[in-house]
Amino acid sequence: LVQERNGLLLDYDFRSESPTAALLKDFELNGSAPPANSWASVQADGLHIGVGRHQPGTWEGFFAVTRAAYPASSVLHVRMSREARNVISPSQTGEAVFAVQTGTTKRTGDINYVLVASVTNAGSTHWEVGYAEGHIADATTTILWTGPPSPAASVSEDITLRTDGRSSYVVYFGNRVVYESNRLKMRIVPPFQPYLEVQALEISYQARFQDFWITSDDSILVNGLDQGDRVTLAPATGTPVRALADASGQARLALAPRQAKGDGTLTILSAGSLRRFPELFYAGGDVYRIRG
């Protein structure tokens, strides 16, 4: 089994301490918060991004955005955590944000993006999904889904999303679809840049990110088969995926977005013979060929 194309475009687990300067190879650090009042640090428990306390009535934010931009076929995942505390005051807010924005911003000034956020205010916290459109500044946000507000709203979520920037947008929390539509009217021009971000009104606030990865697609292609060969990918965690080889000798394994990166065993049943390829580290967009 030979890999002809690697579908994994970016992979940061953020589970070991490293210098902040090491981020600058693949990320730009920026935001409305001044340098003296913002930070990003990679610790053993994740990438921490935060802002310090600032003037009442004002928002400040800070983010890590990828330097590269990624195609509309991409699947994007991150484990995002808010602070464990709830913000009690109604005049203060803390937000952890995962946003995927058009990669044309520096050229056009457009700040159009989809977002998943955890928002805490007035003693309660909720998760929300939406998109925003704007030019240069002051983007207008449309909220598409809001989870129930609760003082005990989950601190962390495994977020997987995919969008074409126009009509389709799907968001998973773990294996659960929390929002899906193919009828939106967005103007988010691909390619896309993901933002790992925190926003806060007046207060000091911090978000934490782990297991950040991007794949180029949500399927795996296996070439070099005989028509009718049965191909199965059994992920270490999750549901097995199956496909039949067509007349051209190709089999395409369609992955659920949450399973677009992982490890497992690939098996090929052909004319009574069984070939197994265990401990396969795979990603959506991979292309393999059977030889020999």
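**Glu83**

I started with Glu83, which I found in the loop between strand E7 (75-81) and strand E8 (93-102). A reminder to myself: this is a predicted model. Is Glu83 buried or exposed? Its relative accessible area comes to 19%, and since buried means under 20%, Glu83 counts as buried. I then looked up what its side chain meets. One polar contact, 2.5 Å long, joins it to the side chain of Arg85. A polar atom of the Glu83 side chain also lies 2.8 Å from the backbone nitrogen of Gln206. Skipping residues up to four places away in sequence, I noted that Glu83 touches Ser204, Tyr205 and Gln206.

**The seven-strand sheet**

From the loop I moved on to the sheet that holds E8. Seven strands make up this open sheet, in the order E3-E6-E15-E8-E9-E10-E11, and the pairing is antiparallel. Which strands stand at the edges? They are E3 and strand E11 (137-146), and each of them pairs on one side only. From one strand to the next, I read an average twist of 20°.

I also checked how E8 is held to strand E15 (residues 192-201): the two run antiparallel and 10 bridges join them. Following one of these across, I got from Phe98 to its bridge partner in E15, Leu196.

**The cores**

Phe98 turned up again when I looked at the nonpolar residues. The largest nonpolar core has 46 residues, and Phe98 and Tyr169 are the ones that touch the most other members. Which strand gives this core its largest share? It is strand E16 (residues 205-215), with five residues. I also noted a second, separate core of 18 residues, with Val231, Ala243, Phe277 and Leu280 among them.

**Aromatic rings**

Next I went through the rings, and the count is nine aromatic pairs. For Tyr12 and Phe14 I have ring centres 5.3 Å apart and planes at 25°, so I wrote the pair down as stacked. Phe14 is buried, at a relative accessible area of 3%.

How do the rings of Tyr12 and Phe27 meet, then? They are edge-to-face, with 5.1 Å centre to centre and 70° between the planes. Tyr12 belongs to strand E2 (residues 8-12) and Phe27 to strand E3 (residues 27-30), so this pair ties together parts that are 15 residues apart in sequence. Both Tyr12 and Phe27 are buried. Following the ring pairs further, I ended up with a cluster of Tyr12, Phe14, Phe27, Phe98 and Phe212.

**Asp158**

Another acidic residue I looked up was Asp158, in strand E12 (residues 156-163). Its relative accessibility is 17%, and the cut-off for buried is under 20%, so Asp158 counts as buried. What does its side chain reach? I found a polar contact of 3.3 Å with the side chain of His77. Apart from its neighbours within four places in sequence, Asp158 is in contact with His77, Val78, Arg79, Tyr172, Phe173, Gly174 and Arg258.

**Ser38**

Ser38 sits in strand E4 (residues 38-43). I have it down as buried, at 13% relative accessibility. A polar atom of the Ser38 side chain lies 3.0 Å from the backbone oxygen of Pro34. With neighbours within four places in sequence left out, the residues in contact with Ser38 are Ala33, Gly50, Val51 and Phe62. I also took one distance across the model: Ser38 and Leu233 are 44 Å apart, C-alpha to C-alpha, with their places 195 residues apart in sequence.

**The four-strand sheet**

My last stop was an open sheet of four strands in the order E19-E18-E21-E22, with antiparallel pairing. Why is one side of E19 and of E22 left without a neighbour in the sheet? Strand E19 (241-244) and strand E22 (273-283) stand at the edges and have a single partner strand each, so there is nothing in the sheet on their other side. I read an average twist of 20° from one strand to the next here.

Zooming in on one pairing, I found that strand E18 (residues 230-235) and E19 pair in the antiparallel sense over four bridges. Thr232 stands opposite Arg242 in E19.

How values were computed. Residues numbered from 1 in each chain as written. Predicted model: local features only at pLDDT ≥ 70, side-chain atom pairs only at ≥ 80, totals over all residues. Heavy atoms only, no water. Core = buried A, V, L, I, M, F, W, Y, C linked by side-chain atoms within 4.5 Å. Buried < 20%, exposed > 50% of the residue type's maximum accessible area, 1.4 Å probe, protein only. Pairing = 2+ DSSP bridges. Axes fitted to C-alpha atoms, helices over the stretch in contact; angles between N-to-C directions. Polar contact = N/O pair within 3.5 Å; in protein donor to acceptor, adjacent residues only side chain to side chain. Contact = heavy atoms within 4.5 Å. Phe/Tyr/Trp six-rings, centres within 6.5 Å; stacked < 30°, edge-to-face > 60°.
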